[in-house]
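Reader: I have a model on my screen and would like to learn how to read its contacts. Could you take me through it?

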4 protein chains.
Amino acid sequence: MYTKFLQLNVEKQNRIINASLKVFSESNYKDASTDDIVKEADISKGALFYYFKNKKILYEFIFDYVVKYLTNEVLNTVDLNELDLLIRLKQILLYKLSILNKYPDMIQFVLRINHENSDEIGFDILSKSKEINEKVYGILFNNIDTSKFRDDINIELAINSIIWSSEGYSNIHLKEMKYKKIDNSYIISLIDQFNRYLDLFKTCFYKGEN
Amino acid sequence: MYTKFLQLNVEKQNRIINASLKVFSESNYKDASTDDIVKEADISKGALFYYFKNKKILYEFIFDYVVKYLTNEVLNTVDLNELDLLIRLKQILLYKLSILNKYPDMIQFVLRINHENSDEIGFDILSKSKEINEKVYGILFNNIDTSKFRDDINIELAINSIIWSSEGYSNIHLKEMKYKKIDNSYIISLIDQFNRYLDLFKTCFYKGEN
Amino acid sequence: MYTKFLQLNVEKQNRIINASLKVFSESNYKDASTDDIVKEADISKGALFYYFKNKKILYEFIFDYVVKYLTNEVLNTVDLNELDLLIRLKQILLYKLSILNKYPDMIQFVLRINHENSDEIGFDILSKSKEINEKVYGILFNNIDTSKFRDDINIELAINSIIWSSEGYSNIHLKEMKYKKIDNSYIISLIDQFNRYLDLFKTCFYKGEN
Amino acid sequence: MYTKFLQLNVEKQNRIINASLKVFSESNYKDASTDDIVKEADISKGALFYYFKNKKILYEFIFDYVVKYLTNEVLNTVDLNELDLLIRLKQILLYKLSILNKYPDMIQFVLRINHENSDEIGFDILSKSKEINEKVYGILFNNIDTSKFRDDINIELAINSIIWSSEGYSNIHLKEMKYKKIDNSYIISLIDQFNRYLDLFKTCFYKGEN
DNA sequence: GATGAATGAGTTTTCATTCAT
DNA sequence: TATGAATGAAAACTCATTCAT
């Protein structure tokens with residue numbers, strides 16, 4: 001499939017992956033210009049189409065690469081033996097920060113997927129992405145220790161609520177980070193602030209003794 | 001600016017607004033075809049460009065129209081004298097449902113805004129939309145009665161948390177509604193379920209006596 | 001189908017038809033450049049694609065136009081009540097000369113058809129052209145008066161033989177005429193010479209008394 | 001000119017000639033892909049352009065090779081001491097069948113020549129091919145025994161007529177053979193049928209006593 | 001000598017915008 | 001005012017040819 005591309009040295013592969021991620025994250029599939037990709041990757045027009053038969057194949061490769069990277073990284077970063085929801089949410093925040101650090105455009109790329117038109121892309125990207133999403137959420141939030149929650153509340157609703165809050169928080173700050181210089185002190189304050197939310201959740205949703 | 005357009009009779013204006021909303025909500029700015037808009041609005045190609053100098057000006061008009069409609073409607077639907085956060089959130093849910101009912105494409109149009117490319121659109125749509133967003137959030141959540149919240153928690157964090165949860169809930173279900181037939185019983189169960197979340201928040205974040 | 005094109009004034013239609021015929025007769029379908037066609041027809045690039053959705057549709061139109069023109073003209077020029085093969089062959093030669101006069105590239109276009117690749121053209125041009133060919137040959141040579149032929153020969157073979165000879169003669173001279181100035185005296189000598197062949201056939205294949 | 005190529009061992013030369021013949025006979029000059037040629041010949045892209053400076057030079061070489069082969073073979077297959085036109089025509093048919101047998105693509109290659117565009121090929125292929133054609137026709141039909149023909153006809157016209165008929169016959173059947181399985185019985189019936197034409201010509205064009 | 005990855009000019013097609021009527 | 005035919009710049013993709021190894 002992508003044999004020609006995979007025979008390239010890793011540095012060039014990465015240049016092309018990053019250029020594609022950048023361009024595909026800035027515009028949707030159809031608007032994303034292969035001209036921009038080759039300029040950004042500093043390769044010739046012909047080269048791109050030598051490595052990937054056409055734009056669709058390139059997009060598909062990038063999509064699969066992102067899926068593989070994200071699912072691999074989640075298993076590396078998140079400790080599934082840790083059953084406490086709040087600790088896990090902190091791990092997930094760190095996971096997102098690490099992605100943002102390594103591939104600044106990848107999260108934006110993922111967020112755009114829901115707005116793509118499957119007709120043009122040529123495979124059912126929405127259902128594929130939904131499927132992956134459900135699988136990942138299943139892994140991340142399936143085996144949560146529910147014994148820590150208060151007895152007088154519906155635990156399922158509480159878990160959803162905490163997850164949505166956590167995502168609300170990270171969405172806002174991850175968006176900001178695209179345009180700001182990210183330094184360590186910023187990250188530290190980000191995590192500090194997140195911890196305060198976790199404390200809130202513990203106080204409100206967990207049993208008193210926790 | 002849009003003098004030519006505003007001199008048209010209201011019926012024709014509406015035809016053009018609805019056609020634009022439909023086409024701009026189905027595709028992003030650049031893919032949205034002025035051909036489709038004129039066909040949908042049943043006017044000639046030249047007419048569109050007579051009323052609006054170019055596609056950008058048209059988009060800007062539609063954007064402003066949406067902003068005005070949404071901010072007007074929020075003041076009509078949401079009772080700013082009601083200071084209880086949870087009751088207000090319920091009103092906001094009803095507000096969103098009413099928009100979805102009247103302009104099925106408007107919410108989709110709004111959701112697409114974050115993925116538009118400001119370079120193409122020609123004005124800084126993202127910051128404009130962010131600004132509006134902040135203003136609306138200001139109005140909606142500024143004068144919340146904080147006395148109902150537990151004394152042992154940070155109330156600002158609690159409010160954010162509840163808002164994010166509420167949005168998490170509505171995002172999921174509003175997306176679904178694009179593809180499902182919406183009937184009354186569906187709406188009722190949606191609100192019922194939302195009430196259960198509100199009960200949860202009351203139990204966890206409010207003082208015991210409430 | 002070609003509504004937009006058919007609404008043009010006849011002069012412009014003809015310019016486009018002639019330009020297409022010229023370019024499609026000089027190169028095969030894939031090599032024939034739409035750029036050359038628009039330059040030759042003196043229209044803009046966009047115009048061609050406004051009249052015809054794409055190159056295939058244009059080719060198909062030209063193909064059908066040629067078929068219609070040739071079959072119409074054959075009925076106008078050839079008298080099907082005249083059952084004598086030799087007289088009919090003379091009419092057919094005149095028919096070919098008239099086509100060459102009106103559409104100098106049309107015959108070349110037709111000859112190229114057998115070398116086209118149906119995959120690219122998108123409809124089975126070879127079988128379509130074969131079918132038309134058989135139909136036309138059927139009309140032209142079906143009701144020949146066989147009573148004039150000598151009794152000691154196979155009449156079917158004789159007819160084929162005369163037709164092939166006649167085509168051999170016209171092929172050679174029609175090809176030449178593409179590159180020479182055609183004037184009346186040339187045409188007259190061409191027909192004179194052809195008459196000498198017809199006399200030969202009469203002497204050799206017909207009964208003595210004819 | 002083709003020094004580099006001619007230094008190759010014969011087996012490799014043949015692989016390249018056959019591959020080129022195949023590809024150039026399937027498509028016209030410009031569509032014929034050098035990629036396909038190197039794949040078919042199982043050599044590298046660079047090699048082809050090492051042996052032949054460019055595609056034009058390669059085509060010219062193949063063209064000359066075909067000319068040389070066909071003119072050599074005609075002298076081997078056709079007995080120029082046999083002065084009877086009809087016998088010679090039978091030899092020519094056998095000659096064509098033998099070419100078709102040895103190089104199935106060569107005749108197709110030759111037939112395509114008339115439809116090539118000299119501008120692209122870079123030498124005046126049409127006039128070159130016309131010249132060769134005339135030379136070969138000269139050799140084949142120059143020293144025909146005219147004494148066998150009837151006295152009351154123009155012998156030159158009669159000879160042309162017989163040649164055109166013969167070519168009409170073989171053109172039709174050689175085309176067919178591209179798509180049909182060729183077996184011996186088919187060839188025998190082909191020749192039988194041809195003999196019936198030759199008998200016709202003898203009856204009609206030759207003096208009674210022959 | 002031989003390889004095959006890389007190049008970039010050239011091709012078809014789209015679509016916002018203009019302008020003669 | 002309103003029309004819709006006409007424009008042409010831009011985009012994806014191809015392929016003969018080159019050149020470092």
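Author: Happily! Let's begin with a definition: helices (H or I, at least four residues) and strands (E, at least two) are DSSP runs, numbered from the N terminus. A residue is near a molecule or strand if its C-beta atom, placed from the backbone, lies within 6 Å of it. This is a predicted model, where local features need pLDDT of at least 70, side-chain atom pairs count only at pLDDT 80 or more, and totals for chains, interfaces and linings use all residues. Residues are numbered from 1 along each chain as its sequence is written, while chains are lettered from A and ligands numbered from 1 in the order in which they are written.

Reader: Which elements supply at least two residues of the surface near DNA strand E?

Author: Helix H4 (45-51) does so in chain A, chain B, chain C and chain D, and helix H3 (34-41) does so in chain B and chain C. Of the 32 residues around DNA strand E, those that come nearest are Ser44(A), Gly46(A), Lys55(C), Ser44(D) and Gly46(D).

Reader: And which residues come nearest to DNA strand F?

Author: Out of 30 residues around DNA strand F, they are Lys55(A), Ser44(B), Gly46(B), Ser44(C) and Gly46(C).

Reader: How many residues of chain A are in contact with chain B?

Author: Two residues are in contact if their C-beta atoms, placed from the backbone, lie within 7 Å. Here 24 residues of chain A are in contact with 23 residues of chain B. On the chain A side, helix H10 (155-179) and helix H11 (184-205) each give two or more residues, and H10(A) gives the most, with eight. Chain A and chain D, by contrast, do not touch, and their nearest C-alpha atoms are 13 Å apart.

Reader: How is chain A laid on chain B?

Author: Two copies of a chain are related by a rotation about an axis and a shift along it. Copies are superposed by least squares on the C-alpha atoms of residues with pLDDT of at least 70 in both. A turn of 176 degrees and a shift of 0.1 Å along the axis lays chain A on chain B with an RMSD of 0.9 Å. That is the relation of a two-fold axis. Also, 92% of the interface residues of chain A are interface residues in chain B too, so the copies meet through the same surface.
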